[in-house]
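Visitor: Please take me through one part of this protein at close range. Begin with a single residue and work outward from there.

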Amino acid sequence: MKRHISFLFLFLISGFMTAQTKKIEFVHYKLDNGLNVILHRDNSTPIVAVTVLYHVGSKNEDPERTGFAHFFEHLMFEGSPNIGRGEYFKIVESAGGQLNANTSFDRTFYYEILPSNQLELGLYLESERMLHLKIDSIGVETQRKVVKEERKQSYENRPYGSLLEKIFSNAYKVHPYRWIPIGSAQYIDQAKLEEFIEFYKTFYVPENATLSIAGDIDIEETKKLVEKYFGDIPRGNKPIPRPEVVEPPQQKEIREIVYDNVQLPMVVLAYHIPEQGTPDYYALRLLTTLLSGGESARLQKEIKDKKQMALAVGSIPLSLEDPGLFIVYGLTNVGVKAEDLENAIESEIDKVKKELISEYEFQKVRNQIESDFVNQNSRVAGIAENLADYLVYFGDPNLINTEIERYMKVTREDIKRVANKYFTKENRVVLYYLPKSMEKK
């Protein structure tokens, strides 16, 4: 009886959430210089998110100059002829706002969250970056030190810090995903000032950018301000390099053992999957929710709680513009061998490959997906970012309202099918992170 009551509850919650999902209205247009502009009005709170997405990430870099996109994430805060060096944070914080940036394989994203009466300030700051960023020897040398220190602290001197690099360097042999956004300190050191200037002139131009603004704004007044600050910025007028290389199918399993300064073994399985937006990608998103979407998900419930073999276990399908990776990981409990944890993870994957998930579990996963979809658009900052992402990656910002339909088309049979299609030994990289004390002398 409890089972039927729970299923009914999940069904009712699903219907309630669908009914409560409010359509996100927006205006999308393009300036004469090629800059994409998206405006969303939400007057419920007196804040505004001013964001700029540049369609440049680590995959756009020269293999001999990796780390440039991430380097520019830092360099873009150096100032301009009108903004003093290092003044960006002071200006925004003194206006009651906050700002930051991030770099991925596919994009670089900058944002300010401000009181809505400071909209013009945010537009001014972002236009200064795009029009005439200060790129000189002082700024470059300063950021060289910053980036190298970040690499040292976050990757080289941290337990399991090389994990991402090991995964991608093993999984990709020809595609530029084979290096990660932090790049190489060696190449950043070798690069000349002229190379940074050339990178800026190539990628940080209006036709390669999307200005997305969400919050307490007046649409027509905002259009005037956008034109005032961005309309006169000239186009780059040169081709934007896009990688055309396709990673060939992996033919056999790749395994590596990394002896690191760690206390407990870690096991990682990384499977090649298609790019975001494909039907199989949505099925894999539901699959990861089944495996690790909360404390009651299969991996946590079986391996962490019931068998107590892992301190942490989970899965992540990386959303990438080109074919990416589905990563399953586990950190062993004390006394558990890496190979035993790997076998336990494989056992849970095999269950999905052999048996359809139950209707109850399927509805639960769908509800979680729908809840996550609603929640990611619950703040103006998330709305601004998602509108830009949908435009850049899919060419359709209205997917912010309709992408959930793609998830809802996934069937139980689809989940079983993609598990069998992609979760094969020849399609994966297996990494063990083991304590240095286990290394044979």
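**His272 and its surroundings**

Guide: His272 is buried, with a relative accessible area of 13%. The cut-off for buried is under 20%, so His272 qualifies. Bear in mind that this is a predicted model. His272 sits in strand β8. Its contacts, leaving out residues up to four places away in sequence, are Ala171, Tyr172, Gln250, Gly324, Leu325, Tyr422 and Asn427. For a sense of distance, take Gly231, which is 41 residues from His272 along the chain. The C-alpha atoms of the two are separated by 42 Å.

Follow the contact with Ala171. Ala171 belongs to helix α6, residues 163-171. Buried in that helix are Leu163, Ile167, Phe168, Asn170 and Ala171. Around the axis they cover an arc of only 165°, which puts them on the same side of α6. What do the buried residues of α6 pack against? They meet four strands: β7 (254-260), β8 (266-273), β10 (324-332) and β11 (428-435). Strand β8 is the one that holds His272.

Now the domains. The assignment splits the protein chain into domain 1 (26-231) and domain 2 (254-438). Their C-alpha centres are 28 Å apart. Domain 1 puts 36 residues into the contact, and domain 2 puts in 38.

Next, the interior. The largest nonpolar core counts 56 residues, and Leu287 and Phe423 have the most contacts inside it. Helix α10 (residues 279-292) gives the largest share, eight residues. Both domain 1 (26-231) and domain 2 (254-438) contribute residues, so this core lies between them. A separate core has 52 residues, including Val56, Leu125, Phe196 and Val205.

Stay with Leu287 for a moment. Beyond four places in sequence, Leu287 touches Val352, Ile415, Val418, Ala419 and Phe423. Phe423 is thus a direct contact of Leu287.

Tyr281 is also in helix α10. Tyr281 is buried, at a relative accessible area of 3%. It touches Pro274, Glu275, Gln276, Pro317, Leu318 and Ser319, again not counting residues up to four places away in sequence. Compare the sequence and the space between Tyr281 and Tyr407: 126 residues apart along the chain, 9.3 Å apart from C-alpha to C-alpha.

Back to Phe196, named above in the core of 52 residues. Phe196 is in helix α8, residues 193-203. The buried residues of this helix are Phe196, Phe199, Tyr200, Thr202 and Phe203. Seen down the axis of α8, they fall within an arc of 165°, so they line one face of the helix. Which elements cover them? The cover includes β3 (47-54), α2 (68-75), α4 (119-132), α5 (137-156) and α7 (185-190).

Two loop residues deserve a look at the backbone. Asn237 has a phi near 55°, a positive value in a residue other than glycine. Asn237 is in the loop between α9 (219-230) and β7. Buried or exposed? Asn237 is exposed, with a relative accessible area of 63%. Gln308 also has a positive phi, near 55°, and is likewise not glycine. The loop that holds Gln308 runs between α11 (298-306) and β9 (310-317). Gln308 is exposed as well, at 52% relative accessible area.

How do the record's spans fit in? An unreviewed UniProt entry places "domain: Peptidase M16 N-terminal" at residues 37-176. That span is 41% helix and 19% strand, and its end C-alpha atoms lie 29 Å apart. The unreviewed entry in UniProt also gives "domain: Peptidase M16 C-terminal", covering residues 193-368. Here the chain is 41% helix and 22% strand, with 48 Å between the end C-alpha atoms.

Last, how far to trust the picture. The protein chain has an average pLDDT of 93, and 95% of the residues score at least 70. Residues 1-20 are another matter: pLDDT stays under 50 there. For this stretch the model has 17 contacts beyond four places in sequence. Where pLDDT is low, predicted coordinates should not be read in detail.

Terms used
Residues numbered from 1 in each chain as written. Predicted model: local features only at pLDDT ≥ 70, side-chain atom pairs only at ≥ 80, totals over all residues. Heavy atoms only, no water. pLDDT = per-residue confidence, 0-100. Contact = heavy atoms within 4.5 Å. UniProt positions renumbered as here; feature names shortened; annotations may be inferred. Core = buried A, V, L, I, M, F, W, Y, C linked by side-chain atoms within 4.5 Å. Buried < 20%, exposed > 50% of the residue type's maximum accessible area, 1.4 Å probe, protein only. Domains from an automatic or database assignment. Arc of directions from axis to C-beta.
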